[in-house]
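Here is a walk through one protein model, taken one feature at a time. Keep the structure open and look for each part as it comes up.

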Amino acid sequence: MWKWKAPTKKADVKVDVDASVAKVVEKAPSVGKAVTEFHAEKVKAKVTKEVETKLPIEKVGMKNLTEDTKLESPTEIIEVLIEEAEVDIPSEMVDAMVKNVLDEILEKLPEEYNMIDIMQKSATRTPYILVCFQECERMNILVREIWGSLKQLDLGLKGELTFSPAMEALQSALFFDLVPDTWSKLAYPSTYSLPQWFNDLLMRCRELDTWTQDLVLPAVVWLSGFFNPQSFLTGARWDIQTGAIAEARLKDLTSIMPVIFVRAIPVDRQETKHIYKCPVYKTKNRGPTYVWTFNLKTKVKPAKWVLAGVALLLAV
């Protein structure tokens, strides 16, 4: 049996109703807050009446409750009633909210990167510069889709274009703070709601803005901000002539390592200068496939190869 400890005064009911409405609104996403307020206000009178007519309550037939559920305060039952209440939201309100979100995104959405201008900034094509080009091109595709789909939806909301299923899906996603499927398919894995996702996109664009100014590799690289983080971790080869690590050649992602002579020596005889401690993995999955660390000679600072995530793979 469901048990609820009834308040002693009807004034307590009103306080709990107001508190529950405020709590539900507070938990709502920023974009959907106005909808929640509308929804809550619509059912407040119904909830108050429901609570008052069931004082005291011993059993409440609500689908989300089980026989083991105990409701110790009216707030708990009010929250359930608010969440289960079905209230039609006016289409004008939906359109107005979606239009606000749409306008805000279009206002902040960066322009596409001018790839011709960017490519003319450097005649060299190192692996790092190629990664920069690839990331900008991927971002252009995503920005183009966001801009085009929002412009179409805007015309639909104005009545200048017939609503299509794709536009309805986009409108629904914006209304409920979700990332539209057509955007996420062109983007990177993410579990963010729409506001967080869009802020994250702007941060990624700022990183690319910095990199494309002079195409010099940043001192610190936001690896998780890439569409393809693995593309950055392929930046080296073994130079047989110099006997040291060198930058990879274009399109040579997994250069072959020559036969390595491994021998045991005392610790005090190990070379420590101009050495990169290169991890060895069984496969490109890295992580749990770690085998050992080889000391490889380098003509540049080892930090360069650490930043590039250079490793030896026993198998691709």
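The largest cavity holds about 110 Å³ of space. Since this is a predicted model, everything here is computed from predicted atoms. How many cavities of 30 Å³ or more are there? The count comes to one.

So who sits around that space? The lining of the largest cavity is made of 13 residues, and Glu 207, Leu 208, Trp 211, Trp 222 and Phe 226 are the ones nearest its centre. Two helices, H6 and H9, each supply at least two residues of this lining. Helix H9 gives the most, with four residues. Sorted by class, the lining of the largest cavity has nine nonpolar residues, one polar and three charged.

Next, the largest pocket. About 830 Å³ of space lies in it. Its lining counts 22 residues, and nearest the centre of the pocket you'll find Phe 261, Val 262, Arg 263, Phe 294 and Asn 295. Which elements give two or more residues to the lining of the largest pocket? They are E5 and E6. Of the elements, E6 gives the most, with six residues. By class, the pocket lining splits into 13 nonpolar, four polar and five charged residues.

Those two strands also turn up in a sheet. The sheet is open, has three strands in the order E6-E5-E7, and its pairing is mixed. Strand E6 (290-297) and strand E7 (312-313) are at the edges with a single partner strand each, so each has one side without a neighbour in the sheet. As a reminder, strands of a sheet pair through backbone hydrogen bonds, and they can do so parallel or antiparallel. Strand E5 (residues 275-281) runs antiparallel to E6, and seven bridges join the two. To see this pairing up close, find Cys 278, which stands opposite Phe 294 in E6. Phe 294 should ring a bell: it is among the residues nearest the centre of the largest pocket.

Now for the helices. Two packed helices are described by the angle between their axes and the distance between the axes. Here are three pairs to compare.

| Helix pair | Angle between axes | Distance between axes |
|---|---|---|
| H6 and H7 | about 95° | 10 Å |
| H4 and H9 | about 10° | 11 Å |
| H4 and H7 | roughly 85° | within 9 Å |

Start with helix H6 (residues 127-157) and helix H7 (residues 165-175), which pack at an angle of about 95°. That angle makes H6 roughly perpendicular to H7. On the H6 side, the contact is made by Ser 149, Leu 150, Gln 152, Leu 153, Gly 156 and Leu 157, while H7 brings in Met 167, Leu 170, Gln 171 and Leu 174. In terms of class, this contact has six nonpolar residues, four polar ones and no charged ones.

Then look at helix H4 (residues 91-108) and helix H9 (residues 194-212), whose packing angle is about 10°. With that angle, H4 is roughly parallel to H9. Where do they touch? Val 101, Ile 105 and Lys 108 in H4 meet Leu 194, Phe 198 and Leu 202 in H9. The contact of H4 with H9 has five nonpolar residues, no polar and one charged.

Last comes H4 with H7, where the axes cross at roughly 85°. This makes H4 roughly perpendicular to H7. H4 takes part through Val 94, Asp 95, Met 97, Val 98, Val 101 and Ile 105, and H7 through Gln 171, Leu 174 and Phe 175. Seven nonpolar, one polar and one charged residues make up this contact.

A few names come back if you read the contacts side by side. Val 101 and Ile 105 of H4 meet residues of H9, and Val 101 and Ile 105 also belong to the contact of H4 with H7. Likewise, Gln 171 and Leu 174 of H7 are part of the contact with H6, and Gln 171 and Leu 174 are part of the contact with H4 too.

How values were computed
Residues numbered from 1 in each chain as written. Predicted model: local features only at pLDDT ≥ 70, side-chain atom pairs only at ≥ 80, totals over all residues. Heavy atoms only, no water. Pairing = 2+ DSSP bridges. Axes fitted to C-alpha atoms, helices over the stretch in contact; angles between N-to-C directions. Parallel < 35°, antiparallel > 145°, perpendicular 65-115°, else oblique. Contact = heavy atoms within 4.5 Å. Nonpolar A, V, L, I, M, F, W, Y, C, P; charged D, E, K, R; others polar. 1 Å grid on protein atoms, 1.4 Å probe; cavity = no way out; pocket = protein on both sides within 12 Å on 5 of 7 lines; lining within 4 Å. Points joined across faces, edges and corners; volume = space filled by probe spheres on them.
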